[in-house]
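Trainee: I should like to work through this structure step by step, from the overall fold to single residues. May we begin?

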Amino acid sequence: MDDKEIVELYWQRNEQAIKETADKYGAYCRKISLNILSDLSDSEENVNDAYMQAWLSIPPHKPDSLMAFLGKLTRNLALNRYKAMHAKKRLWNQFAISLDELSDCTPSNIMVEQKAEIAELGKSINSFLYSQKEDIRNVFICRYFYCDSVEEISDRFGYSQSKIKSMLMRARIRLKSYLKKEGYYEE
Amino acid sequence: MKNEVFARAITEIDDELVISAHKNMVPRSKRKKWPLAVAACFLLICGIALYLGNSSRIEVFVYGNTISDQPVTIDLPAPLSSDQRLLSSDAITVPLEIKTKHKVDIKTEDGILEVYSRETDQLLCEGQTCKASDFVTVFWTIEAPNPKQIYKLHINSDTVVLLLSYSGDTNSWIVNKQ
């Protein structure tokens with residue numbers, strides 16, 4: 001079933017929509033959850049939450065891409081769950097490591113509660129990514145959106161791990177410089 | 001959570017980018033492997049060729065000249081007179097020098113071989129089958145040779161085969177590689 005038909009089922013309030021979503025995007029959502037949470041049962045719960053959230057969001061939403069919509073939804077829910085579960089103790093999984101790599105790029109003048117500012121920062125990151133070569137952009141998104149390990153990215157893109165690390169490092173340096181020009185860092 | 005701002009912000013990137021990155025993740029097992037396979041085969045062939053080239057490199061000389069498919073006359077007066085072992089009128093002796101990096105088997109069904117060390121002149125082997133290495137002198141003697149017959153000497157089976165025959169044109173015995 002294509003995405004438009006699944007979205008149509010949501011709009012018709014037909015529960016078959018969730019089954020079709022799980023069949024088509026279950027593995028995709030589980031992978032995103034697992035990369036952030038590093039726990040199978042937590043990931044499974046998170047994916048179910050994502051289906052529920054999709055059910056509640058469509059309508060009014062009518063996503064152009066159900067895949068990206070579910071990916072972002074799953075990621076945001078996993079971030080919330082990660083934050084709640086590891087508020088005191090840091091879990092050193094791929095997600096934490098990938099976040100740590102970005103610590104140098106993260107503007108210190110934006111608070112988590114400032115949703116509008118975060119959305120603006122998202123737009124800047126978006127513009128930066130469009131200015132990059134396709135392979136660098138994809139590697140960057142796999143690492144920092146999907147939270148895939150360097151080993152997995154290396155395996156999937158056919159580059160050596162050292163090349164992936166080098167691509168990511170240079171992309172982060174360019175991103176910091178880009179964000180600096182955009183006025184994200186206080187002098 | 002440290003860096004949560006960035007983690008949240010990156011979730012805002014365009015759907016197109018999210019999809020594109022996911023679609024470009026092609027597992028290595030699905031990637032074309034034939035260029036690697038071709039390169040591996042090429043290296044293997046080069047390796048085998050190099051190994052065989054080195055291992056089968058056997059140089060054979062007579063009177064200091066490398067034996068090739070061009071015939072070399074054997075019964076030249078000077079070498080014959082310089083070595084008492086070659087003076088028998090009923091026999092023909094081919095004085096060969098064999099240079100090789102590895103141990104080789106020398107075999108003939110026609111006549112007798114005497115293998116001498118080039119360094120010490122010591123007799124290393126006598127008979128129809130001998131082993132030799134490095135640099136040796138081999139006297140291949142055939143008693144009462146028949147001019148109508150072609151005699152063969154094998155080095156390492158058929159790696160090098162020397163043919164001794166009588167040439168009616170020059171009225172002399174000649175040796176050449178097969």
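Trainee: How many helices and how many strands does chain A have?

Mentor: Please keep in mind that this is a predicted model. Read along the sequence, chain A follows the pattern α-α-α-α-α-α-α-α-α. The count for chain A is therefore nine helices and zero strands.

Trainee: What percentage of the residues of chain A count as buried?

Mentor: A residue counts as buried when its relative accessible area is under 20%. Chain A has 187 residues, and the share of them that count as buried is 49%.

Trainee: Among the contacts in chain A with a separation of 6 or more, what share comes from residues 24 or more positions apart?

Mentor: The question concerns contacts in chain A with a separation of 6 or more. Of these, the share that belongs to residues 24 or more positions apart is 64%.

Trainee: At roughly what angle do the axes of helix 2 and helix 4 of chain A cross?

Mentor: Helix 2 of chain A covers residues 16-37, and its axis comes within 9 Å of that of helix 4 of chain A. Helix 2 passes helix 4 in a right-handed crossing. The angle between the axes is roughly 35°.

Trainee: Which class of residue, nonpolar, polar or charged, has twelve members in that contact?

Mentor: Helix 2 of chain A contributes residues including Tyr25(A), Ile32(A) and Ile36(A), while helix 4 of chain A contributes, among others, Leu70(A), Ala78(A) and Arg81(A). Four residues of the contact are polar and two are charged. The class with twelve residues is nonpolar.

Trainee: Let us turn to charged pairs. Which residue of chain A forms a salt bridge with Glu4(B)?

Mentor: The structure holds 17 salt bridges over all chains. The one in question crosses between chains, from helix 1 of chain B to helix 4 of chain A. Glu4(B) is buried, with a relative accessible area of 2%, whereas its partner is partly exposed at 32%. The closest N and O atoms are 3.1 Å apart, and the partner is Lys83(A).

Trainee: Is Arg143(A), the partner of Glu101(A), buried or exposed?

Mentor: Glu101(A) and Arg143(A) form a salt bridge, with their closest N and O atoms 2.8 Å apart. Glu101(A) lies in helix 5 and Arg143(A) in helix 7 of chain A, so the pair ties together parts that are 42 residues apart in sequence. Glu101(A) counts as partly exposed at 22% relative accessibility. Because its relative accessible area is 1%, Arg143(A) is buried.

Trainee: Which residue meets Lys131(B) in a salt bridge?

Mentor: Lys131(B) lies in strand 7 of chain B, and its partner in strand 4 of chain B is 26 residues apart from it. Lys131(B) is exposed, with a relative accessible area of 52%, whereas the partner is partly exposed at 31%. The N to O distance is 2.6 Å, and the partner is Asp105(B).

Trainee: Why does Gln132(A) count as buried?

Mentor: Gln132(A) is placed in the loop between helix 6 and helix 7 of chain A. The cut-off for buried is under 20% relative accessible area. Gln132(A) counts as buried because its relative accessibility is 12%.

Trainee: Which residue does the side chain of Gln132(A) join in a polar contact?

Mentor: Leaving aside neighbours within four places in sequence, Gln132(A) is in contact with Arg137(A) and Arg174(A). The polar contact between side chains has a length of 2.9 Å, and the partner of Gln132(A) in it is Arg174(A).

How values were computed:
Residues numbered from 1 in each chain as written. Chains lettered and ligands numbered in written order. Predicted model: local features only at pLDDT ≥ 70, side-chain atom pairs only at ≥ 80, totals over all residues. Heavy atoms only, no water. Helix = DSSP H or I, 4+ residues; strand = E, 2+ residues; numbered from the N terminus. Buried < 20%, exposed > 50% of the residue type's maximum accessible area, 1.4 Å probe, protein only. Polar contact = N/O pair within 3.5 Å; in protein donor to acceptor, adjacent residues only side chain to side chain. Contact = heavy atoms within 4.5 Å. Salt bridge = Lys/Arg side-chain N within 4 Å of Asp/Glu carboxyl O. Axes fitted to C-alpha atoms, helices over the stretch in contact; angles between N-to-C directions. Left-handed = near helix turned anticlockwise from the far one by under 90°. Nonpolar A, V, L, I, M, F, W, Y, C, P; charged D, E, K, R; others polar.
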